[in-house]
Amino acid sequence: MTHAADPAARPTLSKTPSPRPRDPLRPDFVWGASTSSYQIEGAAREDGRGESVWDLFCRQPGRIQNGDTGDVACDHYHRYREDVALLRDLGVGAYRFSIAWPRVLPSGRGSPNEAGLAFYDRLVDGLLSAGIEPWVCLYHWDLPQALQEAGGWANRDCASWFADYARVVASRLGDRVKRFATFNEPSVFTLFGYAFGWHPPAADDAASHHAAIHHVNLAHGMAIDVLRDYVIGASLGAIHNMQPARPVQATPEDRAAARMLDCYWNRAFADPQMRGAYPDAIASRMAPFCRDGDLERIHRPADWLGINHYSPVYARADSASRLGFAWSDAPADAPRSPIGWQIDPAAFRDVLLDACDRYGLPIYVTENGAGAVELADASGAIDDRERIAYLAAYLEALEEATVLGADVRGYFVWSLLDNFEWGAGYANRFGIVRVDLTTQARTPKA
Ligand code: GCO
């Protein structure tokens, strides 16, 4: 994030490193791996699962590379025992996954689907018996299509539908699951879905976009209250993509564009959720959707902040853009991962320090990893040295942030398995375990 920490907010952390402790990470540091429902489960029409917006989006020609879909994905719905064993062999203490709303409530509301809930029961029980703590994210983009047809996030009622869904999940799993996140990366699915057309519903209008931002924030606050009510000992957070928003050129116009990207990418959700106010630069755009008391309903006490981070994001000026910026690639000379994402561990360190300063909550890195276009050799083995180098560099940056005072308490690698990488389909592989999509064989990578 490029904003200056609000001086009144928190004592700025000292930037001079204290003497390096033997191991800067806390003894109770949480090591984990992450996945999400639509990206790994498959079984898209099995046991009563309803359609999600992504099932429909994947069927629209040209939306997904190679015409890939999540119909089968990693077949995790049937192979979850094998995947829990992979986590156990990996030696992690935690596993972050998401619940598919349309598997639990096929039409998004109304009576729960027992078979859907029973799957998550089995998964949670399997994790617990393997000594792995389940971390549940309620929403990783797979909105029930029936709710999209009722207006989706542009409809204020969607916040209540989400709170009801949270109640169904909390009632069923809350005796065994204590760690809950409400949303994964709300800035990504609202910006890509309501401005850039890269995600469903592929809209491009200001009213729906800003309404969706506000209603997702409302849904977050309402779900926090539900989870507090239904889960004894709940430890609650939200998962945000936080990445420095940089000007692609050092011009006043591009700097202004970067500040607007920073608002929409890093702060449109984290600020109201954890500081009780929208960023000034977009407050007037949000005002038409805010009702009295809304910000208090959004700003509910959380226990931790989940940060997903990969690389900086870039903006350039674009007078035709209603947002005040255009999305841009990193400068050509920036070091890149195999799929072209910039590698900049120092940016990760600074994001952790800034977020700690600005929001003052314990941080868990809930996603970090490297994508690659990987072809296995005859044995299925993958010697993913570039990913190893990326993870080592980013973990070193995490340690440096910790030494400088950032309260980072865990790290979840993205991802346990090669999986459906949204618009890129299965072309980009993020797994530390290879999945052969023909045989569904799992092969741990180097
Ligand atoms: C995200 C999502 C993941 C992606 C991963 C790689 O951060 O975009 O949470 O679903 O697969 O980040 O792009």
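How far does a polar side-chain atom of H140 lie from an oxygen atom of the ligand? In this predicted model, the distance is 3.0 Å, which falls under the heading of a polar contact, a pair of N or O atoms within 3.5 Å. Residues are numbered from 1 along each chain as its sequence is written, and the side-chain values use heavy atoms, with hydrogens and water left out. Because the model is predicted, local features need pLDDT of at least 70 and side-chain atom pairs count only at pLDDT 80 or more, whereas totals for chains, interfaces and linings use all residues.

Two further side chains reach oxygen atoms of the ligand in a similar way: a polar side-chain atom of Q39 lies 2.7 Å from one, and an N or O atom in the side chain of N184 is 3.1 Å from one. On its own the ligand has 320 Å² of accessible area, of which the protein covers 94%, as computed by the Shrake-Rupley method with a 1.4 Å probe.

Around the ligand stand 14 residues, each with a heavy atom within 4 Å of it, and those that come nearest are Q39, E185, E367, E421 and W422. This shell holds six nonpolar, five polar and three charged residues, where Ala, Val, Leu, Ile, Met, Phe, Trp, Tyr, Cys and Pro count as nonpolar, Asp, Glu, Lys and Arg as charged, and the others, Gly among them, as polar.

The ligand sits in the largest pocket, in the sense that more than half of its atoms lie within 2 Å of the pocket's grid points. On a 1 Å grid over the protein atoms alone, a pocket is an open set of points with protein on both sides within 12 Å along at least five of seven lines, while a cavity is a set where a 1.4 Å probe fits but cannot get out; lining residues have an atom within 4 Å of a point. The largest pocket contains about 930 Å³ of space, and among its 38 lining residues F192, W198, W327, W341 and E421 lie nearest its centre. Its lining comprises 18 nonpolar, 14 polar and six charged residues, with at least two supplied by each of helix 8 (186-194), strand 8 (313-316) and strand 9 (326-328).

Turning to the cavities, there are seven of 30 Å³ or more, and the largest has a volume of about 90 Å³. Its lining includes V53, W54, F189 and Y194, and the elements that give two or more residues to this lining are helix 2 (53-59) and helix 8. The lining of the largest cavity has ten nonpolar residues, two polar and no charged.

Terms used. Polar contact = N/O pair within 3.5 Å; in protein donor to acceptor, adjacent residues only side chain to side chain. Points joined across faces, edges and corners; volume = space filled by probe spheres on them. Helix = DSSP H or I, 4+ residues; strand = E, 2+ residues; numbered from the N terminus.
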